[in-house]
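These are my notes from going through one structure. I began with the overall layout and then looked up single residues.

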Amino acid sequence: MERSSRDLLARCIYSELKAGMAGAHGGVFLDARHLADSEFASFGHEYELCLERGLNLKNETAEVAPSAHYCMGGIRIDEKCRTTIPGLYAAGEVTGGVMGANRLNGNGLADILAFGAIAGAEAARFASRVEQVGIGKDLIEVEDDRLQGLLDRPPTSSRVSALRQGLREIMWNHVGVVRSEESLSRAAGLLQGLEDDLSAIGLAQKSWVCNPELAAYLEAENMILVGQAVARSASVRKASLGAHHMQSACSEERDTDLPYNVLIRLHKGTLKAEAQPAVGEGSVVQW
Ligand SMILES: Cc1cc2nc3c(=O)[nH]c(=O)nc-3n(C[C@H](O)[C@H](O)[C@H](O)COP(=O)(O)OP(=O)(O)OC[C@H]3O[C@@H](n4cnc5c(N)ncnc54)[C@H](O)[C@@H]3O)c2cc1C
């Protein structure tokens, strides 16, 4: 089981934790004491890391639990790593679709090398062709006014850091290893509440430059938006597929089912999700 795929192992640990089998730190126990010394060689790095922290896996158990490891969804790109915004290229974990529903071991680093090279070369080619990419002045003014409005709010005692912790808990509890229609709908409500709470926060620091409080606020806005996008698109896929595991799904998606991608976009402040066939008649649908 320890050598099984990460999603399966995470679900097994999750079900043990849900059954009340958690240790003092909320994890389950990894026992490698029965392994021969030679077998430790295949995870020498992890063994050394634990040893540096005072834990010898050869004669002690380690308390472990799943955590967020990789984001399988992300920005849509084409084969040249172009996004839908002219001049904006993306590669790596921020993109979606490259790994399908479950990433194979080691492919995260292969992804950033292969697609990073393409994105860099294409971005350079684009930049050599254009004088300057026009950003609408009106868009800048709107954002300028929005940020000024945020800085003008009187300081409040509620902190962005507490909201960020709340976000982590919502995502873990309701959009985590095992999901259900109920948990995803609950997450949507809680995330909306978090968004409302954030928009009521006033910052103590008022500077436009070198303002870590402002940076944390803007990051929290984006983190909540990404959380909403993940929860919303997960709710479109009713059956389990890859690392997306629906508790109440009566079946897994099968190879014979027509594969589809879930596309999500922000339209006039609202997230719109749609299922789009992944494969057309004999050909892959253009992104
Ligand atoms: C615990 C763990 C183990 C893993 N093990 C493996 C493995 O064995 N093999 C494998 O193939 N993959 C592995 N992965 C996955 C792989 O490491 C990642 O998918 C890969 O590193 C992603 O690279 P990236 O450049 O796309 O993104 P990142 O490495 O996340 O780089 C994004 C960078 O952008 C910076 N950044 C973020 N916001 C801003 C901002 N606003 N302004 C400026 N900079 C910003 C961040 O600080 C970061 O440096 C592992 C991941 C984890 C978490």
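Domain bounds, as I use them here, come from an automatic or database domain assignment. With those bounds, the centres of domain 1 and domain 3, taken over C-alpha atoms, are 32 Å apart. The protein chain has domain 1 at 6-64, domain 2 at 70-134 and domain 3 at 137-253.

**Basis.** This is a predicted model, in which local features need pLDDT of at least 70 and side-chain atom pairs count only at pLDDT 80 or more, while totals for chains, interfaces and linings use all residues. I number residues from 1 along each chain as its sequence is written.

**Confidence.** I looked up pLDDT, the predictor's confidence in each residue, from 0 to 100. The protein chain has a mean of 91, and 93% of its residues reach 70 or more. Among its elements, helix α1 (residues 6-18) has the lowest mean, 91, and helix α6 (residues 181-199) the highest, 97.

**Layout.** I took helices (H or I, at least four residues) and strands (E, at least two) as DSSP runs, numbered from the N terminus. The protein chain has seven helices and four strands. Their order from the N terminus is α-β-α-β-α-α-α-α-α-β-β. The C-alpha trace spans about 65 × 60 × 40 Å along its principal axes.

**Contacts.** I count two residues as in contact if their C-beta atoms, placed from the backbone, lie within 7 Å. Of the contacts between residues at least 6 apart in sequence, 60% join residues at least 24 apart. How many residues of domain 1 are in contact with domain 3? I found four, and they meet five residues of domain 3. The side of domain 1 that touches domain 3 has two nonpolar, no polar and two charged residues. For these classes, Ala, Val, Leu, Ile, Met, Phe, Trp, Tyr, Cys and Pro count as nonpolar, Asp, Glu, Lys and Arg as charged, and the others, Gly among them, as polar.

**Ligand.** I listed the residues near the ligand, meaning that the C-beta atom, placed from the backbone, lies within 6 Å of it. The residues around the ligand are His69, Tyr70, Gly92, Glu93, Val94, Gly106, Asn107, Gly108, Leu109 and Ile112. By class, this shell has four nonpolar, five polar and one charged residues.

**Burial.** I call a residue buried if 20 or more other C-beta atoms lie within 10 Å of its own, exposed if 12 or fewer, and partly exposed in between, with C-beta atoms placed from the backbone. Buried residues make up 16% of the 287 residues in the protein chain. Helix α2 (residues 44-52) is hardly covered, as zero of its nine residues are buried.

**Cores.** A nonpolar core is a set of buried Ala, Val, Leu, Ile, Met, Phe, Trp, Tyr and Cys residues joined through C-beta atoms within 7 Å. The largest one has 17 residues, and Ile170, Val175, Ala187, Leu191, Leu194 and Ala231 have the most contacts inside it. At least two residues of this core come from each of α5 (160-174), α6 and α7 (212-236). Helix α7 gives the largest share, six residues. I then checked leucine 194: leaving aside neighbours within four places in sequence, it is in contact with Leu163, Gly166, Leu167, Ile170 and Ile224. A second, separate core of six residues includes Ile77, Cys81, Tyr89 and Phe115.

**Single residues.** Cysteine 81 lies in the loop between β2 and α3 (107-129). Its phi is positive, about 65°, although cysteine 81 is not a glycine. Is cysteine 81 buried or exposed? Cysteine 81 counts as buried because it has 22 C-beta neighbours inside 10 Å.

Lysine 268, in the loop between β3 (260-267) and β4 (270-277), also is not a glycine and has a positive phi, about 50°. Lysine 268 has 5 other C-beta atoms within 10 Å, so I entered it as exposed.

Arginine 53 sits in the loop between α2 and β2 (62-64). Arginine 53 is exposed because 8 other C-beta atoms lie within 10 Å. Its C-alpha atom is 53 Å from that of glutamate 131, 78 residues away along the chain. Glycine 54, which follows α2, has a positive phi, near 85°.

Glycine 176 is in the loop between α5 and α6. It has 18 C-beta neighbours inside 10 Å and therefore counts as partly exposed. Glycine 176 and serine 67 are 109 residues apart in sequence, with their C-alpha atoms 8.9 Å apart in space.
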